[in-house]
Amino acid sequence: MLEDLERAYQNALAELDEVADQDALEAWRVRHLGRKAPLMRAYGRLRDLPPEERPQVGRRINAMRDHLQNAYEAKAHALREAALRRSLEEERIDVTLPGRPKPIGRLHPTTRTIRHIVRIFQDMGFQVFRSREVETDEYNFQLLNIPPHHPARDMQDTFYVRTPGAQEGETPPVVLRTHTSPGQIHAMRFYASLNPENPPPIRVVLPGMVFRYEQITARSEIQFTQVEGLVVGRNISFADLKGTLNEWARRMFGQHVRTRFRASYFPFTEPSAEMDVECFLCGGKGCPVCKYTGWLEVLGSGMVHPVVLKNGGYDPEKFTGFAFGMGPERITMLRHGIKDIRFFWSNDVRLLEQF
Ligand code: DAH
């Protein structure tokens, strides 16, 4: 009996050497250490032996079983180690590889300029007033003291959403706003509605998109932005206009920048003025950007026309105000030497990435 068991035992050890994975190992365990394994069954047959042989044979069987058990555990351990090594090797992450850069977006240069402009006015107590991009002819022109056929309309070629020259009773002409100035009327009417008998003072900026039906060139686009400003109150004077805009220019272009005001014309202001800042590229000495004048035109402004105040619900006998309008694209082009306004809309990341 022992001889058979010794053979089975040697056989089991040899087989174990060949085992290469968990499944084979489990099959091996069932075969050689399971209940039906020759070695295990041998326990039952011990009583067939003469009593004096039993202890010795029993000890030998125990020894073989223990050894197989140990060999099994060693093999199981080795297989687990090998599997772990393999998965570490296969799933290895090379942490020394440089990461893949995630493209992060950034703000459009026009947006940055608008925020810069608006922030300065906010510091001076202005609030942002949002206004619509699709307007009626009435708001875009008439309430701003630009009647039909007024020559000032030629300054702003217009996209009509509905046909101009609508007859009485027909729907009024609707336009894409050609400037942010109609927001002045909306702002005044809104604030006046809060207390029609005694309307509150106003200090707002109105940033937004405007549209003009123009030929697209390096200098003009059909779509661009403006930042409008409006101040209405009692005893607002031209000195307030100059003081406010000068302070804005200093914060926008530098503490020591000089400014000048030139008389101008806008239907919705009287008097009207354009503000120039000293060319910040050449310091006023003259260069191609300022066309050798030393000055850059940055905005239009003026005292709000009495007709416009009245249209907004503010009594021009009691209230005065000033307004201004500027073009963030133009300011951005001047500051960064951008030669072509079409870059703002061509969506070329080579431009956008520089900001
Ligand atoms: N609306 C004018 C334009 O688009 C700009 C402007 C000039 C706005 C004078 C104003 C202003 O508020 O007072 O050309």
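This passage walks through a predicted model, from its domain layout to a few local details.

Starting with the overall layout, the chain is assigned two domains, with domain 1 covering 2–90 and domain 2 covering 109–352. Their C-alpha centres sit 93 Å apart.

In domain 1, the opening pair of helices is a handy place to begin. Helix 1 (residues 2–18) and helix 2 (residues 22–33) have axes that come within 10 Å and cross at roughly 175°. Because of that angle, helix 1 runs roughly antiparallel to helix 2. On the helix 1 side the contact is made by A12, E15 and L16, and on the helix 2 side by L25, W28, R31 and H32. At the other end of helix 1 there is L2, which belongs to that helix. L2 counts as partly exposed because its relative accessibility is 26%. Leaving aside residues up to four places away in sequence, L2 touches V57, R60 and M64. L2 also pairs up in space with I61: the two are 59 residues apart in sequence, yet their C-alpha atoms are 8.3 Å apart.

Moving on to domain 2, helix 8 gets a fuller look. Helix 8 takes in residues 238–253, 16 residues in total, and spans 22 Å from first C-alpha to last, close to the 22 Å expected at 1.5 Å a residue. Its buried residues are L241, T244, L245, N246, W248, A249, M252 and F253. Several of these follow a familiar rhythm. An α-helix has 3.6 residues a turn, so residues three or four places apart point the same way. The cover over the buried residues of helix 8 comes from both helices and strands, including helix 5 (109–123), helix 10 (328–336), strand 6 (259–266), strand 7 (269–278), strand 8 (295–304) and strand 9 (320–326).

Both ends of helix 8 have something to show. At its start, a side-chain oxygen of S237 comes to within 3.1 Å of the backbone nitrogen of A239. Just past its end, G254 adopts a positive phi of about 130°. Ahead of the helix, N235 lies in the loop between strand 5 (223–233) and helix 8. N235 is not a glycine, but its phi is positive all the same, at about 65°. With 71% relative accessibility, N235 counts as exposed.

One of the strands covering helix 8 is strand 9, and F322 lies in it. F322 counts as buried because its relative accessibility is just 2%, under the 20% cut-off. Not counting residues up to four places away in sequence, F322 touches D240, L241 and T244, along with I236 and S237, then G229, L230 and V231, and finally G302, M303 and V304. With V231, F322 has a C-alpha to C-alpha distance of 5.3 Å, although 91 residues separate them in sequence.

Two backbone oddities round things off. Most residues other than glycine have a negative phi, and most peptide bonds are trans. Against that background, E270 and P271 are joined by a cis peptide bond, with omega about -5°, and P271 is part of strand 7. Further along, K291 is found in the loop between strand 7 and strand 8. K291 has a positive phi, near 50°, despite being a residue other than glycine. K291 is exposed, with a relative accessible area of 57%.

Note on methods
Residues numbered from 1 in each chain as written. Predicted model: local features only at pLDDT ≥ 70, side-chain atom pairs only at ≥ 80, totals over all residues. Heavy atoms only, no water. Domains from an automatic or database assignment. Helix = DSSP H or I, 4+ residues; strand = E, 2+ residues; numbered from the N terminus. Expected span 1.5 Å × (residues − 1). Buried < 20%, exposed > 50% of the residue type's maximum accessible area, 1.4 Å probe, protein only. Contact = heavy atoms within 4.5 Å. Polar contact = N/O pair within 3.5 Å; in protein donor to acceptor, adjacent residues only side chain to side chain. Axes fitted to C-alpha atoms, helices over the stretch in contact; angles between N-to-C directions. Parallel < 35°, antiparallel > 145°, perpendicular 65-115°, else oblique.
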